[in-house]
Amino acid sequence: MIDFHTHIFPDKIAASTLDLLSSKFETIPFTDGTASGLEKSEREAGIDLSIVLPIVTKTSQFQSVNYFASQFQEGDILSFGGIHPDSPDYKGELRELKSMGLKGIKLHPAYQETLFNDIRYKRIVSYASELGLIISVHAGYDPGYPDFIYSTPQMAAEVIDEVQPEKLVLAHLGGFFCWDDVERLLVGKQIYLDTAVVFGAIEDNQFMRICRNHGMEKILFATDSPWASQAASVAYLNALPLTIEEKDMVFDKNARKLLTL
């Protein structure tokens, strides 16, 4: 099984980072935020590989965030890279990430305080696609920014239609708490949707309808660990009335094909 959406932090700042984010989200994390904590969670859940998605919240973090990411390129943790929309040389930075062997990038419109349909994101998505990089994007509501949604299904549809990226992954099933708009605007497009923190937040019937209408081959199992339990998420998906073939695709086959593993 592959978890396509997790987060870890360097050991020396993991505790303080989780304390800050926990108070902001008003939630309790399920790991200690470290690589070893994620590996322990993986073993308990029976997960073989977790994809880590680092977030660059200011341009000065590019080197430090991606140096940390570069340390997780084999074994049971695989990290993507990060880039900020205000990058002074986005093409150069994307080429650098590609040369480091990173398979993808993470964009977070809320934490980066930039609308997803901003031209800066469109340029990054376009050039990252040219380089063959996977692009994972936070989509929908974020509890850290409760008064404004920086990445709506409408914005995502605009980016998709204009840029036509081949390896775009919209987190939280295309738009956390925006699922009616996901059904209306995104279902059926050539994008992937991940399942991070959606179990229990969306009605099971709507979840399965979105997945099947979109195409089960474009759904990726994901948890957003440490903000959800990997073991509980595995159990939740296993309990849904999906076929064995559908579960195999979501848990493993779709991710392996996208990652070219």
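**Strand and helix packing, a Q&A**

Me: In β2, which residue is the bridge partner of D3?
Reply: Quick heads-up: this is a predicted model. Strands β1 and β2 (residues 49-52) pair in the parallel sense over three bridges. T6 stands opposite V52 in β2, and for D3 the bridge partner in β2 is S50.

Me: OK, and what is the bridge partner of V52 in β3?
Reply: β2 pairs with β3 too, in the parallel sense and over three bridges. So V52, which has T6 opposite it, also has a bridge partner in β3, and that one is S79.

Me: Which strands stand at the edges of that sheet, each with a single partner strand?
Reply: Three strands form this open sheet, with parallel pairing, in the order β1-β2-β3. Neighbouring strands are turned by 20 degrees against each other on average, direction ignored. One side of each edge strand has no neighbour in the sheet, because each has just a single partner strand; those two are β1 (2-6) and β3 (77-79).

Me: How many of the residues of β1 are buried?
Reply: β1 stands at an edge of the sheet, yet β1 is mostly covered. Buried here means under 20% relative accessible area. By that cut-off, the number of buried residues in β1 is five of its five.

Me: And β2: which residues are buried on its two faces?
Reply: In a regular strand the side chains alternate between the two faces of the sheet. In β2 both faces are covered. One side has L49 and I51, and the other has S50 and V52.

Me: Moving to the six strands: which ones stand at the edges?
Reply: The six form an open sheet with parallel pairing, in the order β4-β5-β6-β7-β8-β9. Each edge strand has a single partner strand, so one side of each is left without a neighbour in the sheet; the two in question are β4 (81-82) and β9 (219-220).

Me: Which residue in β5 does G81 stand opposite?
Reply: β4 and β5 (residues 104-107) run parallel and are joined by two bridges. Opposite G81, the residue in β5 is I105.

Me: On to helices: are α2 and α9 roughly parallel or antiparallel to each other?
Reply: The axes of α2 (residues 35-45) and α9 (residues 230-239) come within 8 Å and cross at roughly 30 degrees. The crossing is right-handed. Angles under 35 degrees count as roughly parallel, and therefore α2 and α9 are roughly parallel.

Me: Which residues of α9 make that contact with α2?
Reply: By class, the contact has four nonpolar, two polar and two charged residues. On the α2 side there are L38, S41, E42, E44 and A45, and on the α9 side Q230, A231 and V234.

Me: What residues in α10 do V234, L237, N238 and A239 of α9 meet?
Reply: α9 and α10 (residues 244-259) pack at an angle of about 155 degrees, with their axes 10 Å apart. That makes α9 roughly antiparallel to α10. The contact divides into five nonpolar, one polar and one charged residue. In α10, the residues met are K247, V250 and F251.

Me: What covers the buried residues of α6?
Reply: The buried residues of α6 (residues 153-163) are P153, M155, A156, A157, V159 and I160. After the helix comes Q164, whose phi is positive, near 55 degrees. As for the cover, it includes α5 (119-130), β7 (168-170) and α7 (179-185).

Me: Last one: is H214 buried or exposed, and with what relative accessible area?
Reply: H214 lies in helix α8 (residues 204-214). Not counting residues up to four places away in sequence, H214 touches L186, V187, G188, K189, I191, L193 and I219. With a cut-off of under 20% for buried, H214 is buried, with a relative accessible area of 2%.

Note on methods:
Residues are numbered from 1 along each chain as its sequence is written. This is a predicted model: local features need pLDDT of at least 70, side-chain atom pairs count only at pLDDT 80 or more; totals for chains, interfaces and linings use all residues. Side-chain values use heavy atoms; hydrogens and water are left out. Axes are lines fitted to C-alpha atoms, for helices over the stretch in contact, and angles run from 0 to 180 degrees between N-to-C directions. Helices (H or I, at least four residues) and strands (E, at least two) are DSSP runs, numbered from the N terminus. Angles under 35 degrees count as roughly parallel, over 145 as roughly antiparallel, 65 to 115 as roughly perpendicular and the rest as oblique. A crossing is left-handed if the near helix is turned anticlockwise from the far one by less than a right angle, and right-handed if clockwise. Contact means heavy atoms within 4.5 Å. Ala, Val, Leu, Ile, Met, Phe, Trp, Tyr, Cys and Pro count as nonpolar, Asp, Glu, Lys and Arg as charged, and the others, Gly among them, as polar. Buried means under 20% relative accessible area, exposed over 50%, partly exposed in between (1.4 Å probe, protein chains only). Two strands pair if DSSP finds at least two bridges between them.
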